[in-house]
Amino acid sequence: MKKIIVLGGGGFIGGHLAKRLKNEGNFVRICDIKSHEYFSHDDICNEFILGDLTDPVVVKNVIDEDVDEIYQLAADMGGALYIFTGEHDADVMHNSALINLNVAREAVVKNVKKIFYSSSACMYPEHNQLDPNNPNCEESSAYPANPDSEYGWEKLFSERLYKSYGRNYKLNVRIARFHNIFGPQGTWNGGKEKSPAAMCRKVAEAQKEDVIEVWGDGLQTRSFLYVDECVEAVLRLMESDFTEPVNIGSEEMVTINELADMVIDISKKNIEIKNLGGQEFFDKYGFKCPTGVKGRNSHNKLYRENIGWEVSEPLRRGMEKTYQWINEEVKKKAVAPRS
């Protein structure tokens, strides 16, 4: 049995990861600024600490001398509405960078045996993602750096931070660049949800014959990885000796309109798509349409060659499970008594 700390375990990916680690018989401690909204703490950890990891005193108290592994997923983040409007840039950079500065230092002080850092595909250069049909997100394309958001710049900085601690202080680090992880038990409303959850929510809330709004022209491309596959990939990376940043994602690329059509088909509703962008979007919402780069797709050759595993589940299967869960959440909210 290992002693494991999951920082950010009150979040979507962290909660699923912690649950898997606890189910495998490990002692799991979670620290997060919030409790998990959908998992019982008894199901995902042996100990839950409510704390703000931007505070070095909290980090010092959370990380013990005898820790086998730390999984650092804590960050100030959200979906396109949170990341790309520019309104949260200072908080995103300050809070996430401060968390990683605190964690990297304390992991060295406490002689932690191994640490995982969750980076993001948002750190890839914007100029390599202008063609929706041929985006370049190969790991070697990261430089010269030119992320399209402050969120991406912070992720790139923190990658370099952990690599520096690896070189100078022998911190045993694994780094993964996540590509759009989705699934149940995650944020599905409120502005911080990612596009698969937002799409499921819009369709679930729509009447049988209705119209849903898709931001932008819907031709921007992405790939999406179901959370269980993500957790498997993270654990295999941690078991390996590979120490360079590596993509964790799916290579099944779809347009956003194709994703919407998939959810509509799963729902069996007769729903049409209305694409909204440009001046029409600005007139309605008062800010520029936050669609991100034109194209992004995981490039998994490096992971396959060095870890020897690849994604097994098609996007549709994951979306079916996610829609079923969000549809039930929408129904619960509809019948919940008003406070």
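**Burial, cysteines and crossing helices**

Guide: Cys31 is buried, with a relative accessible area of 0%. The model here is predicted.

Visitor: Why is Cys31 called buried?
Guide: Buried means under 20% relative accessible area. Cys31 has 0%, so Cys31 is buried.

Visitor: What makes the sulfur of Cys31 too far for a bond?
Guide: The closest cysteine sulfur is in Cys45, 11 Å away. A disulfide needs two cysteine sulfur atoms within 2.5 Å. The pair is therefore too far apart for a bond.

Visitor: Which cysteine has the closest sulfur to Cys137, and why is there no bond?
Guide: Cys122 has the closest cysteine sulfur, 9.6 Å from that of Cys137. The limit is 2.5 Å, so this pair is too far for a bond. Cys137 is also buried, at 2% relative accessibility.

Visitor: How many disulfides does the rule give?
Guide: The count comes to zero.

Visitor: Why is α7 said to be largely enclosed by the rest of the structure?
Guide: The helix α7 spans residues 195–205. Eight of its 11 residues are buried, so α7 is largely enclosed. The buried residues are Pro196, Ala197, Ala198, Met199, Cys200, Arg201, Val203 and Ala204.

Visitor: What covers the buried residues of α7?
Guide: The cover includes the strands β7 (181–182), β8 (209–215) and β13 (270–276). It also includes the helices α9 and α12.

Visitor: Why are α7 and α12 called oblique?
Guide: They pack at an angle of about 55 degrees, with their axes 9 Å apart. Angles under 35 degrees count as roughly parallel, and roughly perpendicular begins at 65. About 55 degrees fits neither class, so α7 and α12 are oblique to each other. The crossing of α7 past α12 is right-handed.

Visitor: Which residues make the contact of α7 with α12?
Guide: From α7 come Pro196, Ala197, Cys200, Arg201, Val203, Ala204 and Glu205. From α12 come Met319, Thr322, Tyr323, Ile326, Asn327 and Val330. Nine of these contact residues are nonpolar, two are polar and two are charged.

Visitor: What makes α9 and α12 oblique?
Guide: The axes of α9 (residues 256–267) and α12 (residues 315–335) cross at roughly 60 degrees. Roughly perpendicular starts at 65 degrees and roughly parallel ends at 35, so the pair counts as oblique. The axes come within 10 Å. α9 passes α12 in a right-handed crossing.

Visitor: Where do α9 and α12 make contact?
Guide: On the α9 side, at Leu259, Met262, Val263, Asp265, Ile266 and Ser267. On the α12 side, at Leu315, Arg316, Met319, Glu320 and Tyr323. Seven of the contact residues are nonpolar, one is polar and three are charged.

Visitor: How do you know whether Trp325 is buried or exposed?
Guide: Trp325 is found in α12. Its relative accessibility is 14%. That is under the 20% limit, so Trp325 counts as buried.

Visitor: What is Trp325 in contact with, leaving aside neighbours within four places in sequence?
Guide: Trp325 is in contact with Tyr38, Pro184, Gln185, Gly186 and Trp188.

Visitor: What stands out in the phi of Gln185?
Guide: Phi of Gln185 is near 60 degrees, a positive value in a residue other than glycine. Most residues other than glycine have a negative phi. Gln185 lies in the loop between β7 and α7. At 17% relative accessibility, under the 20% limit, Gln185 counts as buried.

Visitor: Why is Asn180 called partly exposed?
Guide: Its relative accessible area is 23%. Partly exposed runs between 20% and 50%, so Asn180 belongs there. Asn180 sits in the loop between β6 (173–178) and β7. Phi of Asn180 is near 50 degrees, again a positive value in a residue other than glycine.

Visitor: How do you describe the peptide bond from Tyr143 to Pro144?
Guide: That bond is cis, with omega near 5 degrees. Most peptide bonds are trans. Pro144 lies in the loop between β5 (114–120) and α6 (150–169).

Note on methods: Residues are numbered from 1 along each chain as its sequence is written. This is a predicted model: local features need pLDDT of at least 70, side-chain atom pairs count only at pLDDT 80 or more; totals for chains, interfaces and linings use all residues. Side-chain values use heavy atoms; hydrogens and water are left out. Axes are lines fitted to C-alpha atoms, for helices over the stretch in contact, and angles run from 0 to 180 degrees between N-to-C directions. Helices (H or I, at least four residues) and strands (E, at least two) are DSSP runs, numbered from the N terminus. Angles under 35 degrees count as roughly parallel, over 145 as roughly antiparallel, 65 to 115 as roughly perpendicular and the rest as oblique. A crossing is left-handed if the near helix is turned anticlockwise from the far one by less than a right angle, and right-handed if clockwise. Contact means heavy atoms within 4.5 Å. Ala, Val, Leu, Ile, Met, Phe, Trp, Tyr, Cys and Pro count as nonpolar, Asp, Glu, Lys and Arg as charged, and the others, Gly among them, as polar. Buried means under 20% relative accessible area, exposed over 50%, partly exposed in between (1.4 Å probe, protein chains only).
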